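Colleague: Please take me through one part of this model at close range. I would like to see how its sheet is put together and what packs on it.

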Amino acid sequence: MQILALETSTEHGGCALWRDGDLLESVCPDGRSHSETLLPLVRELLARAGTTVNALDGIAFGVGPGAFTGLRVACGAAQGLALAADLPLLPVTSLECMAAASGGSQVLSLLDARMGEVYAAAYRNADASPVLIDEIRVIPPAELAWQESGAGWLACGNALAAYPALAERLVSAGFALLPTALPQAAWVARLAAPRLQAGAGIDPALAAPLYIRDKVAKTVAERLREGGRA
């Protein structure tokens, strides 16, 4: 079984090919837009693997949450490739990718949502198969709260570096931190594989980015007024 995975929800974009458990991965070059680099990277990856889009069994993509433009790039590219080859799509969230890759058994995934907010979701993680607790939220970091001690929990994601006060609160509560974690195409592929085997792929026409936030852009003045970053 072959699955192509696309992930561009943050500045760390890339693609991966899953082949019966083996993985090949390519990362988008820094300093250039994902819209410019993703599809050429996919072509290079498939050529390196000696396969084609028509030989795939499905296409997985990072559905979000994440950067508005990046989510559209991965979703649009996945839709176009899947429609052309009549393949199912498998959406995988950025936060569950981070939870699976972290290695923690109880994980709080946190991505910088800009606008003075974070994307947050908690997972229980067994055999790198994250189970979402409650729901994915977008929230000011000062309002993020938890009911229990952070002992035995791992917090991961770039929001920890973007909001040092949040990181300090988590450490004080007993959380371990992994601030360098970002969603990666290889983990999109790993999480998508059992879903494809279970027949969980969707029609490409139904694919849409997971934005979470209704208002996806604010002016610089709004961000600064609310304590966010320009």
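Modeller: Start at A5. It stands opposite A60 in β4. This is a predicted model. A5 belongs to strand β1, residues 2-7. Strand β4 covers residues 58-64. The two strands run parallel, and 4 bridges join them.

Now step back to the whole sheet. It is open and has 5 strands, in the order β3-β2-β1-β4-β5. The pairing is mixed. The edge strands are β3 (22-27) and β5 (89-93). Each of these pairs on one side only. How much are neighbouring strands turned against each other? On average by 20 degrees, with direction ignored.

Next, add the helices. Helix α1, residues 34-49, packs on the sheet. It touches β1, β2 (14-19) and β3. The direction of α1 makes about 30 degrees with that of β2. Helix α2, residues 68-85, lies across β1, β4 and β5. Against β4, helix α2 runs at about 160 degrees.

Finally, compare a helix further along the chain. Helix α5 spans residues 164-173, with L166, A167 and L170 buried. Seen down the axis of α5, these buried residues fall within an arc of 100 degrees, so they line one face of the helix. An α-helix has 3.6 residues a turn, so residues three or four places apart point the same way. The face of α5 turned away from the buried side carries A165, E168 and S172, which are exposed. The buried residues of α5 pack against several elements, among them β6 (106-114) and β7 (117-126). After α5 comes G174, with a positive phi near 105 degrees.

How values were computed:
Residues numbered from 1 in each chain as written. Predicted model: local features only at pLDDT ≥ 70, side-chain atom pairs only at ≥ 80, totals over all residues. Heavy atoms only, no water. Pairing = 2+ DSSP bridges. Axes fitted to C-alpha atoms, helices over the stretch in contact; angles between N-to-C directions. Contact = heavy atoms within 4.5 Å. Buried < 20%, exposed > 50% of the residue type's maximum accessible area, 1.4 Å probe, protein only. Arc of directions from axis to C-beta.
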